[in-house]
Protein chains: 2
Amino acid sequence: MDEEKLNEESEKKTLETLREIIKTKDPEALSVCFDAQNPVDFARAAVKLDDDELTELTTILDDDELASLMEESEDDDRIRIARTLDNKRLLTAFEYMQKDDIVDMLGDFPIGRRKEVINLMKADDRRIINNLLQYPEDSAGGLMTTAYIALRETLSVSAGLDKLREIGPKTEVIETIFIINDRRKLIGWCDLRDLLAAPKDRYLSDIMHDKVISVPPETDQEETAHIVSKYDLVALPVVSPSNQILGIVTVDDVIDVIVEEYDEDILQMAGVSKEENIDTSLGESIKMRLPWLLVNLLTAFLASYIVKAFESTIAQVVALSAIMTIVSGMGGNAGTQTMSILVRELSQKNLKFSDCIRPFLKEIALGVVDGAATGAVTAVVVYFMYGNAFLGLITLMAMIGNLVIAGVCGFLVPVILKKIHADPAIASSIFVTTATDVLGFFIFLGLANIFLRFLI
Amino acid sequence: MDEEKLNEESEKKTLETLREIIKTKDPEALSVCFDAQNPVDFARAAVKLDDDELTELTTILDDDELASLMEESEDDDRIRIARTLDNKRLLTAFEYMQKDDIVDMLGDFPIGRRKEVINLMKADDRRIINNLLQYPEDSAGGLMTTAYIALRETLSVSAGLDKLREIGPKTEVIETIFIINDRRKLIGWCDLRDLLAAPKDRYLSDIMHDKVISVPPETDQEETAHIVSKYDLVALPVVSPSNQILGIVTVDDVIDVIVEEYDEDILQMAGVSKEENIDTSLGESIKMRLPWLLVNLLTAFLASYIVKAFESTIAQVVALSAIMTIVSGMGGNAGTQTMSILVRELSQKNLKFSDCIRPFLKEIALGVVDGAATGAVTAVVVYFMYGNAFLGLITLMAMIGNLVIAGVCGFLVPVILKKIHADPAIASSIFVTTATDVLGFFIFLGLANIFLRFLI
């Protein structure tokens, strides 16, 4: 906590210093300020400047400092910074940036400017950038960088080390070296420490490991992240159908993917866009949240309609209106439990039909047991509150029924959504709670209606 | 999807091969099987063996293969494997394992065996292990490994490279080299590529970067993960109060932490233990899920009690019982939206009181707007269903009131929980939905009671 306060203090100080510098336009002072801290922290402070100040700042910054500022900023801020630059300056800054960061930025540009900038690039760069731009942002191809190290198997260890000295500074990952054959196919990898420890006259083909884990460029980013984390990789090669290496996905990008997917799941499950945060304007928040509330309103009407259908029953036993909310609410809670287990399971692997039978039957049994337990407690309370044993009995039966429904829907809804290629994490909740509300009211009020003469 | 099927197929094949080998007790065949795949995949198949088979397997495995099997297995499986080994064999296998993995395993041992094993260790190892064991498992100290590279600032580049060749194979991260002074204090770091590219006669103190990001060992694992991901680090040094390096936290452990915290949040928010999965037995599932349902039952009683208090009102206007579920349900949805935004915000930073005022007021305004919008739709529907304009008007007012309450509670509950050091991700939901249920019923039925004569 103290550390965070310190961070905020130093961010504020940097921001003040930057505003001073903008007034004096002193590039020396700016370089001192830039060097005095981690580039991430510098970027965090700099993007707090308003648009006019930012324009002034980018004019004073060196090209490599400007590149670092763009690399370390969030997507929105990168675009703000790019807007302050003409194409020529932008291209000079790109010289200092990793290709995958450039592609990320260009992907967020208005289409017109993106084309302009790409056309102004050197032919080589243009080819690489266009290649990377063809993959969707959330695929392995969209995540990968071309700044990897691939050496020929026929190189000796000492020649390999010389190569490393030369190209190392331009790469993102130096720890893992990929080995290719004369047709540029990926045939192995070695760790830099293998290379350092090996006798200098051996060949890379002698010391390499020949089992390489790789993915095609269209692999989904979630799957890609899963592989990197499962095998504890530092870099995962992305290969063409003919096994030529196209790029690598690095572990730092994988962390960003995991955090992003996490935010997405948590927020979208609750009906909130991942773009929204605490500083989003009122108008934007309304635009993002109201549609979800209106969808939920529809399902609420459905549940309400069931209650209305039993109006005459409720009119005769008003106690029902207080108890029915317990039955439907508990169904919702139990359904959410089952659903959460399934959503996690499905995010980690595909379930085969035969794997599902036992767990599905278990959820039904669980519904009976948990329904009986919570139902019995409720029945006793109901009995003492209303002095009617039948009312308690009906509550018990309805609770068991609704918790079984909760188990069945909590299990099937995510499985079916995954089958039809919808995201279970986002859409499951509304279907499950609608089912437990609607059917919870229906079972409880239906039973009450059947046994009405015992309740009056 | 195909890849996953392939994985399953090959896992099944490996398992069959292992069962063959166990019958023939052929260590050659076992080594071939071990070498034929990634150690992670080998471990995944091997832990599917039953306890007797596993005992047979560990007798045939080489020490280094056994070590790899334990390193790549999940916590529970590691313990199962360790149970098949006597202390002597266990210690031999430990020789091939990273110290942080050994400590993780020992932490899960019964206390008696843990002490036995540690006492049998060599004095040096015992000291390191006891040192690591003193930190909680979920702190930076508990995550760190001692297999880092720290070189003296007075070394030349070529001497540094020689050192690397020697100790590199025993370390976890080779890409980042930490630089210490003659009192072993951490004063800088350099990237291996800097070292490779630098003239051989320069000193490490000349080429090092002197701004090192480090944490004390008691730093919480979530905070630790946050720092590694923010600064895109490969290794984060853990230091003593006097700035001596104690160990490093590596990026692969950080990914595990992020995934673990993610599962924890998603599941515990729904009242499910992170230990539960689709294969958990019925008895275990009951034990883990029923307590949460009982807690929820208590809050359901509370809401139900409010409804009961207005029984005489409902008896006169039965339509109220159908409409009240809409008001309470929509409050729950809106409250969950606000809460999700806050929970994410709080997991990323501490909010100061002064940062909260505007967003808090925005949530209230949002409650008014979204409440008016959904309330108006509901009022129109209610008017057409029941033919009573006053009933619609009361619904509109109650909806606005409950959505404002949803905004207020959705905002304050997570903030207060964080303030009292509870985890907002886990506990917020129950408080927020209880508030929107209880107060939703109260406002709606209370208004109905006040304007009762217009409703009949």
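**Exercise 1. A salt bridge between chains**

At 4% relative accessibility, is Glu363(B) buried or exposed? Find its salt-bridge partner and place both residues.

*Solution.* This model is predicted.
- Step 1. Glu363(B) has 4% relative accessibility, so it counts as buried. The cut-off for buried is under 20%.
- Step 2. Its side chain meets that of Arg289(A) in a salt bridge, at 2.8 Å from N to O.
- Step 3. The pair crosses between chains. Glu363(B) sits in helix H20 (residues 353–386) of chain B. Arg289(A) sits in helix H17 (residues 282–309) of chain A.
- Step 4. Arg289(A) counts as buried too, at 2% relative accessibility.

**Exercise 2. A salt bridge within chain B**

Where do Arg193(B) and Glu175(B) lie?

*Solution.*
- Step 1. The two side chains form a salt bridge, 3.0 Å from N to O.
- Step 2. The pair links distant parts of the chain, 18 residues apart. Arg193(B) is in helix H13 (residues 192–197) of chain B. Glu175(B) is in the loop between helix H12 (157–167) and strand S2 (176–180) of chain B.
- Step 3. Check burial. Arg193(B) counts as buried at 10% relative accessibility, and Glu175(B) at 4%.

**Exercise 3. A network in chain A**

Which residues are linked with Asp77(A) in a network of salt bridges?

*Solution.*
- Step 1. Start with Arg80(A): its side chain meets that of Asp77(A) at 3.6 Å, N to O.
- Step 2. Both lie in helix H6 of chain A, 3 residues apart, about one turn of the helix. In an α-helix, residues three or four places apart point the same way, because there are 3.6 residues a turn.
- Step 3. Asp77(A) is buried at 17% relative accessible area. Arg80(A) is buried at 18%.
- Step 4. Add Asp51(A): the network links Asp51(A), Asp77(A) and Arg80(A).

**Exercise 4. A covered helix**

How many residues of helix H7 of chain A are buried, and what do they pack against?

*Solution.*
- Step 1. H7 spans residues 87–94, and 6 of its 8 residues are buried.
- Step 2. Name them: Asn87(A), Arg89(A), Leu90(A), Leu91(A), Ala93(A) and Phe94(A).
- Step 3. They pack against helices H4, H5, H6, H8 and H9 of chain A.

**Exercise 5. Relating the copies**

What rotation superposes chain B on chain A?

*Solution.*
- Step 1. A rotation of 180 degrees, with 0.0 Å of shift along its axis, does so at an RMSD of 0.2 Å. The two copies are thus related as by a two-fold rotation axis.
- Step 2. Of the interface residues of chain B, 99% are also interface residues in chain A, so the copies meet through the same surface.
- Step 3. Check confidence. The predictor gives the complex an ipTM of 0.72 and a pTM of 0.73.

Terms used
Residues numbered from 1 in each chain as written. Chains lettered and ligands numbered in written order. Predicted model: local features only at pLDDT ≥ 70, side-chain atom pairs only at ≥ 80, totals over all residues. Heavy atoms only, no water. Buried < 20%, exposed > 50% of the residue type's maximum accessible area, 1.4 Å probe, protein only. Helix = DSSP H or I, 4+ residues; strand = E, 2+ residues; numbered from the N terminus. Contact = heavy atoms within 4.5 Å. Least-squares fit on C-alpha atoms with pLDDT ≥ 70 in both. Salt bridge = Lys/Arg side-chain N within 4 Å of Asp/Glu carboxyl O.
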